[in-house]
Amino acid sequence: MNRTLLLSIHFLDGRYHGAGGWPPAPARLFQALVAGAAKGTKLSDVDKSAFEWLETLSAPVIAAPAAREGQAFKNYVPNNDLDWVEGDPRRISEIRTPKNIRPHIFDTKIPLLFIWTFNDKGSVEDNARTVCQIAERLYQLGRSVDMAWAWAELLDTGEVEARLTHYSGVVHRPNEGGSGKALLCPKKGSLASLKERYDANGTRFTYVKKGGKVQQLFSQSPKPRFAKIAYDTPPHRFLFEIRMATSDEPFVLWPSTKAVELVVALRDKVAGRLKEALPGETGKIDRVLIGRDATEADKAARIRILPLPSIGHEHADHSVRRVLIEIPPNCSLRVDDVAWAFSGIEEIDPETREILWNLVRTEERGMLDHYGAGDSKQQDFRVWRTITPVALPVARMVRRATGTKRATGEVKMVHAVRQALRHAGVAAQVESIRVQREPFDHNGTRVEEFAMPERFVARGLHHVEIAFTQAVCGPLVIGNGRYLGLGLMAPRKDVSFDMLVFSIASETSIATADSVPLLCAVRRALMSLSKDDNGHVPRLFSGHEPDGMPAGAGGHEHVFLIADDADGDGRIDRLIVAAPWACDHTTKVNREDRACFDKVSRKLTNVRAGRLGIITLGPACTLAAGDPLIGPARVWDSRTPYHPTRHAGRGKDMDAAVVHDLISECERRRLPRPEVELLEFKAGPNGGNLAGHLRLRFAVAVEGPLLLGRDSHMGGGLFAAVNQPTLMDQ
């Protein structure tokens with residue numbers, strides 16, 4: 001039978017100064033319990049047994065009161081370097097160094113809870129009761145000023161869940177192997193490591209006599225051993241539909257250009273309802289719902305009202321039919337109170353008293369998938385585009401701006417977007433940013449239609465596309481209007497990250513004739529980056545089996561490399577690393593290979609290429625839409641020579657053999673059968689080393705990359721889309 005050990009901790013002051021942020025890590029509580037139980041340097045056998053049992057349990061659930069960061073201050077302390085002042089303690093003021101401390105402020109009436117679950121078989125119950133007795137000896141948690149006291153209880157699992165349901169703070173649950181804030185937790189051996197560290201602290205300083213001088217040596221004490229566990233605290237989300245009266249009535253279509261008016265109307269109605277029900281919480285309601293008198297520390301606790309324009313189909317009209325309410329985990333208002341306040345909000349015609357619309361809560365969350373916030377969170381959402389424009393403190397450039405002025409304005413615009421991401425709490429690294437007035441969606445609206453003269457001027461509104469180097473979960477809302485329905489973004493789901501492009505430093509000049517040694521160096525670099533601790537290189541980058549033999553599955557299972565001369569000046573402009581499943585549609589792909597390709601390829605920053613020198617590469621990015629290497633198009637011309645996969649044979653028509661081999665290669669790669677036109681042909685002695693430049697015409701538009709032929713893994717047989725219409729296209 002499962003039981004739970006519940007530790008309730010109360011602080012004497014509503015401030016926590018401990019390092020590591022809020023909530024305190026279970027490892028910090030473990031150390032505080034050990035400090036309270038120890039008598040001098042000794043632990044009783046009973047207490048030691050209880051601690052060794054506690055460190056074998058799974059990571060606990062943590063329930064903590066909502067906290068906000070207080071004012072930071074500096075505490076000046078000696079830096080333990082008396083040698084700098086010749087060992088004179090009277091000069092210690094000369095070596096004081098500042099230590100920045102920022103406390104977390106919370107309500108002392110709400111206890112801090114740590115909840116462990118265990119099976120009560122055997123003598124486990126005795127260890128649990130011993131921990132309950134140890135908890136009564138706790139006297140502080142955090143720094144020396146964080147005085148606290150605690151008690152512990154043994155409860156059934158159902159009783160604890162009932163308490164958590166009515167708990168007024170934030171519940172943090174362990175999410176092993178997932179994402180979230182990493183907290184240190186006890187693991188087997190943690191108690192022994194604390195004892196080792198304590199013993200080592202007594203012998204940190206040793207003295208060595210050299211000649212006539214005595215030197216003092218310092219050795220760092222070993223760090224305690226704890227496990228890092230991710231704790232997930234997702235926000236609470238409630239989805240409402242705007243209906244005529246009930247859920248059976250039709251939707252009310254609210255223009256997305258009036259999203260700010262909808263948010264203000266809902267916000268004011270909810271604030272009035274909450275103030276009437278909670279008369280003592282007026283200031284708190286104003287801060288977290290309206291933003292009135294809110295400080296920087298209150299931003300993370302503010303409730304977001306997000307009107308969701310209907311998207312996801314080419315005929316979607318972008319009208320607002322649904323509203324998402326997002327309540328941060330550290331919001332100081334109870335979640336059920338906020339949900340109640342929004343439920344049934346209605347707009348009444350002041351003259352006819354007719355209900356124009358009201359909010360109806362719904363469990364149909366399909367629209368959230370289009371905003372990257374649904375159940376399909378495992379998708380690789382890296383490219384995001386605005387649905388409602390972003391409000392930035394930088395005005396858009398006038399059309400007449402040219403040259404240096406325009407370049408400076410673009411830099412300021414990109415910097416403003418980065419600042420907006422930082423203010424919204426988005427920590428993912430940005431790959432590229434694109435800003436414009438026009439919408440990205442076919443049925444979107446220009447930024448001028450969202451302007452409000454009293455608050456958001458047209459020149460401060462921008463449609464933005466952001467590409468991140470890693471996946472980002474939605475909903476993503478940025479900019480100065482993120483609490484008023486502006487700056488709402490949706491992910492692009494048609495972007496492939498199976499081809500990564502690296503720019504070459506402008507001062508580096510490499511001729512296309514040197515593409516083979518360059519790509520060989522790139523392949524060696526990728527193999528080195530993908531090598532594990534045992535020296536094993538994945539087949540994805542080596543093209544070989546674990547025993548060293550070439551991969552013989554019959555397909556293309558390792559990366560394709562391209563040294564591309566995009567402008568045709570005879571110099572390599574960029575390097576491209578393509579996954580095998582992007583170039584050969586018969587190659588099977590799984591999530592592990594896709595993650596390995598992305599993780600390793602993005603580490604490529606420079607290449608040591610022998611006589612070509614050390615080549616510095618720019619950050620990895622994706623090919624822009626419409627790039628000639630990805631199309632789509634019906635006509636493709638070879639950019640690098642095509643080498644047939646098989647020898648034509650003596651006495652055969654070499655031209656026809658190359659064409660036939662290319663058609664067969666397309667069919668093997670599951671491409672439509674093309675019409676092939678031979679543009680240029682070369683053959684070596686005795687019909688060997690055939691190479692040709694060809695044109696492919698498909699009956700339908702196909703997407704690239706097209707890398708075909710014997711040396712396609714090293715950039716051979718590369719085709720580029722031809723945009724000019726031909727007789728066949730007309």
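In the predicted model, the bridge partner of A63 in strand 10 is V171. This pair belongs to the junction of strand 3 (residues 61-64) with strand 10 (residues 170-174), two strands that run antiparallel and are joined by three bridges. Both strands are part of an open sheet of seven strands, in which the order is 9-1-8-3-10-14-11 and the pairing is antiparallel. The edges of this sheet are formed by strand 9 (148-156) and strand 11, each of which has a single partner strand, so that one side of each is left without a neighbour in the sheet. Averaged over the sheet, and with direction ignored, neighbouring strands are turned by 25° against each other.

Two helices are packed on the seven-stranded sheet. Helix 3 (residues 124-135) touches strand 1 (2-11), strand 8 (112-119) and strand 9, and its direction makes about 155° with that of strand 9. Helix 4 (residues 157-165) lies across strand 1, strand 3, strand 8, strand 9 and strand 10, and runs at about 130° to strand 9.

Helix 3 is also in contact with helix 2. Two packed helices are described by the angle between their axes and the distance between the axes. For helix 2 and helix 3 the angle is about 105° and the axes are 9 Å apart; the two helices are therefore roughly perpendicular to each other. On the side of helix 2 the contact is made by V46, D47, S49, A50, F51 and W53, and on the side of helix 3 by V124, N127, A128, T130, V131 and I134. By class, the residues of this contact divide into eight nonpolar, three polar and one charged.

Helix 2 takes part in a further feature of the model, the second largest pocket, for which a volume of about 1,300 Å³ was computed. The lining of this pocket comprises 42 residues, of which Q31, A32, V34, A35 and L194 are the closest to the centre. Two or more lining residues are given by each of helix 1 (26-37), helix 2 (45-54), strand 11 (181-185) and helix 5 (190-201), and the largest share, eight residues, comes from helix 5. Strand 11 thus appears both in the lining of the pocket and at an edge of the seven-stranded sheet. The lining is made up of 22 nonpolar, nine polar and 11 charged residues.

The structure also holds two cavities of 30 Å³ or more. The largest cavity has a volume of about 40 Å³, and its lining consists of V263, R267, L289, R302, I303, R304, I305 and Y483. The elements that give two or more residues to this lining are helix 6 (259-277) and strand 16 (304-309). Of the residues that line the largest cavity, five are nonpolar and three are charged, while no polar residue is found among them. The second largest cavity, with a volume of about 30 Å³, is lined by R523, F541, H558, V559, L561, H713 and M714. The classes in this second lining are four nonpolar, two polar and one charged.

L561, one of the residues lining the second largest cavity, has V577 of strand 28 as its bridge partner. Strand 27 and strand 28 (residues 574-578) run antiparallel and are joined by five bridges. They are part of an open sheet of three strands, with the order 26-28-27 and antiparallel pairing. Strand 26 (499-503) and strand 27 (560-564) stand at the edges of this sheet, each with a single partner strand, so one side of each lacks a neighbour in the sheet. From one strand to the next, the twist averages 20°. Helix 11 (residues 515-530) lies across strand 27 and strand 28, at about 140° to strand 27, whereas helix 14 (residues 591-601) packs on the sheet by touching strand 26 and strand 28, with its direction at about 5° to that of strand 26.

Several features of the backbone were also noted. Most residues other than glycine have a negative phi, and most peptide bonds are trans. A cis peptide bond joins G474 and P475, with omega of about 0°, and P475 is placed in the loop between strand 23 (461-468) and strand 24 (476-477). The peptide bond from G704 to P705 is likewise cis, with omega near 5°, and P705 lies in the loop between strand 33 (691-702) and strand 34 (706-707). H318, although not a glycine, has a positive phi of about 65°; this residue is located in the loop between strand 16 and strand 17 (320-327).

Notes. Residues numbered from 1 in each chain as written. Predicted model: local features only at pLDDT ≥ 70, side-chain atom pairs only at ≥ 80, totals over all residues. Heavy atoms only, no water. 1 Å grid on protein atoms, 1.4 Å probe; cavity = no way out; pocket = protein on both sides within 12 Å on 5 of 7 lines; lining within 4 Å. Points joined across faces, edges and corners; volume = space filled by probe spheres on them. Helix = DSSP H or I, 4+ residues; strand = E, 2+ residues; numbered from the N terminus. Nonpolar A, V, L, I, M, F, W, Y, C, P; charged D, E, K, R; others polar. Pairing = 2+ DSSP bridges. Axes fitted to C-alpha atoms, helices over the stretch in contact; angles between N-to-C directions. Contact = heavy atoms within 4.5 Å. Parallel < 35°, antiparallel > 145°, perpendicular 65-115°, else oblique.
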